[in-house]
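Visitor: Hello, and thanks for showing me around. Could you put the sequence and the structure up, so that we can look at them together?

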Amino acid sequence: MTERTEDLVQINAQLERFAYISSHDLQEPLRTVAGYVKLLAKRYKGKLDQDADDFINYALDGTERMQNLIRDLLKYSCVGRGQMKSELVDCNAVVDQALTSIKFAIEDANADVDTDSLPTVRGDPNQLTLIFQNLVTNALKFRRGNPPRVRISAERRGDEWAFSVSDNGIGIEPQYLERIFAIFQRLHTHEEYPGTGIGLAICKRIIDAHSGRIWVESSLGKGSIFYFTLPCLEPSYEDSISPA
């Protein structure tokens, strides 16, 4: 059993290395292709026939989607590689940074994002920022007709903090609640909702690296609540950051 576990660890490490090298090395040739396709669009759009314009647009869309896919795959393979930071992280500041990074998307969706007072935890601030950024972005993307309403909160449960990001979006069918955290798993076509199907897999990978758990509760047509846990600080740390 021990040997099998070690073999699986080695296989996973090799696959992660392969994903990192592949996604990294693919960027330059794809950037070259994308550059020439954009040049074709700039010089010849409207000067040829409609079929030619359509073909150029298909090529532009395909290269853009591939670039997004490679970029997200590189993010996924980088989580846990190298030295992950372990420092005190004010989650209020982390959420502020995440929301600032997607400010225009929030404004375009006319979304209302409320945040309760959040705790300080130990972890990697950049990776935790990515968690909130991905979850809020999903809430904006998978919305219904009404403007998105998103609420971010946390409550202590024993020796861990349970964070939640709730929305009033389209919801998820029960049979897909676990599947959505697997890499490349999409419940909708690219035409319905853009994306690479890697965002939630990145979230799970980050939370796993922080010794936490992530899951979702949802009702189809009524919205979703994404939960994830992070360990509480040691009492001595909590005492030092508590207000007098």
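Visitor: How many bridges join strand 4 to strand 5?

Guide: Happy to start there, and please keep in mind that this is a predicted model. Strand 4 covers residues 149-157 and strand 5 covers residues 160-166. The two run antiparallel, and Glu155 stands opposite Ala162 in strand 5. The number of bridges joining strand 4 to strand 5 is seven.

Visitor: In the open sheet of five strands, which are the edge strands?

Guide: The order of the strands in this open sheet is 2-4-5-7-6, and the pairing is mixed. An edge strand here pairs on one side only, and that holds for strand 2 (112-115) and strand 6 (214-219).

Visitor: By what angle are neighbouring strands of this sheet turned against each other on average?

Guide: We stay with the open sheet of five strands, whose pairing is mixed. With direction ignored, the average turn between its neighbouring strands is 20°.

Visitor: Which residues are joined into one network by salt bridges that share partners?

Guide: Let's take the pairs in turn: Asp114 forms a salt bridge with Arg151, with the closest N and O atoms 3.9 Å apart, which is within the 4 Å cut-off. Arg151 also forms a salt bridge with Asp116, where the closest N and O atoms are 2.7 Å apart. Arg151 lies in strand 4 and Asp116 in the loop between strand 2 and strand 3, so this pair ties together parts that are 35 residues apart in sequence. Elsewhere, Lys204 is partly exposed at 32% relative accessibility, while the network of salt bridges with shared partners consists of Asp114, Asp116 and Arg151.

Visitor: Is Arg151 buried or exposed, or partly exposed?

Guide: Buried would need under 20% relative accessible area, and exposed would need over 50%. Arg151 has 39% relative accessibility, so Arg151 counts as partly exposed.

Visitor: What separates Lys204 and Asp208 in helix 6?

Guide: The side chains of these two meet in a salt bridge, at 2.9 Å from N to O. Lys204 and Asp208 are four residues apart in helix 6, so their separation is about one helical turn.

Visitor: At what angle does helix 6 run to strand 7?

Guide: Helix 6 takes in residues 199-209 and lies across strand 6 and strand 7 (223-231). Among the buried residues of this helix are Leu200, Ile202, Cys203 and Ile206. The angle between helix 6 and strand 7 is about 25°.

Visitor: Is Asn134 buried or exposed?

Guide: Asn134 sits in helix 5 (residues 125-141). Leaving aside neighbours within four places in sequence, Asn134 is in contact with Gly199, Ile202 and Cys203. Its relative accessibility is 15%, and buried means under 20%, so Asn134 is buried.

Visitor: What separation is there between the C-alpha atoms of Ser117 and Cys91?

Guide: Ser117 is found in the loop between strand 2 and strand 3 (120-123), and Ser117 is exposed, with a relative accessible area of 66%. Ser117 and Cys91 are 26 residues apart along the chain, and their C-alpha atoms are separated by 8.7 Å.

Visitor: Which residues make the nonpolar surface patch of about 280 Å²?

Guide: One of them, in helix 1 (residues 2-44), is Leu40. At 40% relative accessibility, Leu40 counts as partly exposed. The patch is made by Leu40, Tyr44 and Leu48.

Terms used: Residues numbered from 1 in each chain as written. Predicted model: local features only at pLDDT ≥ 70, side-chain atom pairs only at ≥ 80, totals over all residues. Heavy atoms only, no water. Buried < 20%, exposed > 50% of the residue type's maximum accessible area, 1.4 Å probe, protein only. Contact = heavy atoms within 4.5 Å. Pairing = 2+ DSSP bridges. Axes fitted to C-alpha atoms, helices over the stretch in contact; angles between N-to-C directions. Patch = residues over 30% accessible without salt bridge, like charges linked within 9 Å, V, L, I, M, F, W, Y side chains within 5 Å. Areas by Shrake-Rupley, 256 points an atom, 1.4 Å probe, with all protein chains shown as cover.
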